[in-house]
Amino acid sequence: MTLRLNEIDPGKLEQLQGKVIGDVAGSMGLLMAYIGDKLDLYSALAEISPATSLELAESTGMDERYLREWLSANAAAGYVEYDAAQGRFALTPEQAVVFAAEGHPACMQGFFEAVMSVYFDEAKVREVFRSGQGLPWSDHSPCLFCGTERFFRPMYAMNLIDAWLPALDGVRPKLEAGAKVADIGCGHGSSTILMAQAFPNSTFHGFDFHGPSIEHARERARAAGVSANTIFEVVTAKAYPGHGYDLVTIFDALHDMGDPVGAVRHVASTLAEDGTFMLVEPFAGDRLEDNLHPLGQIYYAFSTLVCVPASKSQEVGLGLGAQAGQKRLAEVLNAGGFSRVRRAAATPTNLVLEAKV
């Protein structure tokens, strides 16, 4: 490539440089936030706020000099407040929610953990660019599994029971009376457990091909007191057992599958006569140009690093991607045997599709 330096627009160059500086600052802020989460520093600061670095060190038993530099980086990022007159750092209520309120929908620490995991796995992803092979979900850093679950769980807790399920035609009464449900690609079981808690008369089968995730799901179910109406099994989406399911769900997992059409076809074959398939996927427009914004950038990046490699590591290896959009998803559902597909609900981060045979 020949650099055409004489064609450079100084204003556009300065604007791009400013964006890159902001992106680098954000990446370093994310790392500081990840360290603060792992060391529980934000929660500690929230408890004694406002505090000097020495007071935080005395409270946590950690080194004051490192804490002083960490706090300074956070203050520069706008992640904590700094009172120059008092030499003290503090968290506003909003900062405390984002950085320390585990389980709150606005808490970003699970997101940060998932992002850090793909940095850890960068060398593996770089190699599949060269080879064209896939990278199985199981070969990623464990931070990916934990971070993904931490990020999605609060969103499901906020939307699933009160918004998404009621948006489905006739499903909620079935769940209240006693339905048979399959949750495919359930991961650590957050969505399965939320439904099991809300509808104790129904039975929920959680299926995932990742064994360690299923073990976590079983532990979570016991802790949540829903072992009696949940069953978790290690099995692929194209081979999960059972028939006559009143509801089958897939949350943010279809695009990771090697053969999403085959998985959807199996879903159709296991539904009861008037059963419903609820598909939850990352929000996306149907065209690339519809997704050229920060959230689209994040989803495309995760898709590059995790979703497409996961799909390409499996049978067929379609590589649907995390920004497929409703039109492409409907095509997959139609090809799998569902003639009726509609958007039942949506959030800024998720599409919820209802499919009927």
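Two rings of Phe, Tyr or Trp are taken as a pair if their centres lie within 6.5 Å, and the pair is called edge-to-face when the planes are over 60 degrees apart. With that in mind, the reader can turn to the structure above, which is a predicted model, and in which a search of the whole structure finds 16 aromatic pairs. One of these is formed by Tyr156 and Trp164, whose rings meet edge-to-face, with 6.2 Å from centre to centre and 65° between the planes. Tyr156 counts as buried because its relative accessibility is 5%, and Trp164 is likewise buried, at 1% relative accessibility. Tyr156 and Trp164 also belong to a wider group, since ring pairs link them with Phe111, Phe151, Phe152, Phe251 and Phe302 into a cluster. An aromatic ring can also lie beneath a charged side chain, as Tyr245 shows: Lys180 lies over the face of this ring, at 4.7 Å from its centre.

From the rings we pass to the charged side chains. Side chains of opposite charge can pair when their charged atoms come close, and a search of the whole structure finds 24 salt bridges. One of them joins the side chains of Lys38 and Glu113, with 3.0 Å from N to O. This pair links distant parts of the chain, for Lys38 is in helix α1 and Glu113 in helix α6 (residues 109–120), 75 residues apart. The two partners can be told apart by their cover: Lys38 is partly exposed, with a relative accessible area of 44%, whereas Glu113 counts as buried because its relative accessibility is 4%.

Glu113 has another partner in Arg150, and here the closest N and O atoms are 2.9 Å apart. Again the pair links distant parts of the chain, with Arg150 in helix α8 (residues 142–164) and Glu113 in helix α6, 37 residues apart. In this case both Arg150 and Glu113 are buried. Salt bridges that share partners extend this arrangement into one network, which joins Asp37, Lys38, Glu102, Glu113, Glu149, Arg150, Arg153 and Arg220.

A salt bridge within one helix is found between the side chains of Arg68 and Glu64, at 2.9 Å from N to O. Both residues lie in helix α4 (residues 64–77), where they are four residues apart, about one turn of the helix. Arg68 counts as partly exposed, with 35% relative accessibility, and Glu64 is partly exposed as well, with a relative accessible area of 21%.

The strands offer another view of the structure, and β9 (residues 350–356) is mostly covered, with seven of its seven residues buried. Both of its faces are covered: Asn350, Val352, Glu354 and Lys356 are buried on one side, and Leu351, Leu353 and Ala355 are buried on the other. Strand β7 (residues 271–282) runs antiparallel to β9 and is joined to it by six bridges, with Val352 in β9 as the bridge partner of Val280. Strand β8 (residues 340–346) also pairs with β9 in the antiparallel sense, over six bridges, and Arg342 stands opposite Glu354 in β9. Between β8 and β9 there are three residues, and the two strands form a hairpin.

Finally, we come to the surface. Leu3, Leu5, Ile8 and Leu13 make a nonpolar surface patch of about 400 Å². Of these residues, Leu3 is found in the segment before α1 (10–38), and Leu3 counts as exposed because its relative accessibility is 61%.

Methods: Residues are numbered from 1 along each chain as its sequence is written. This is a predicted model: local features need pLDDT of at least 70, side-chain atom pairs count only at pLDDT 80 or more; totals for chains, interfaces and linings use all residues. Side-chain values use heavy atoms; hydrogens and water are left out. Patches are made of residues with over 30% relative accessible area and no salt bridge: like charges are joined within 9 Å, nonpolar side chains (Val, Leu, Ile, Met, Phe, Trp, Tyr) within 5 Å. Accessible areas come from the Shrake-Rupley method with a 1.4 Å probe; for residues, only the protein chains shown count as cover. A salt bridge is a side-chain nitrogen of Lys or Arg within 4 Å of a carboxyl oxygen of Asp or Glu. Buried means under 20% relative accessible area, exposed over 50%, partly exposed in between (1.4 Å probe, protein chains only). Two strands pair if DSSP finds at least two bridges between them. Rings of Phe, Tyr and Trp (its six-membered ring) pair if their centres lie within 6.5 Å; planes under 30 degrees apart count as stacked, over 60 as edge-to-face and the rest as tilted. A charge sits over a ring if NZ of Lys or CZ of Arg is within 6 Å of the ring centre and within 35 degrees of the ring normal.
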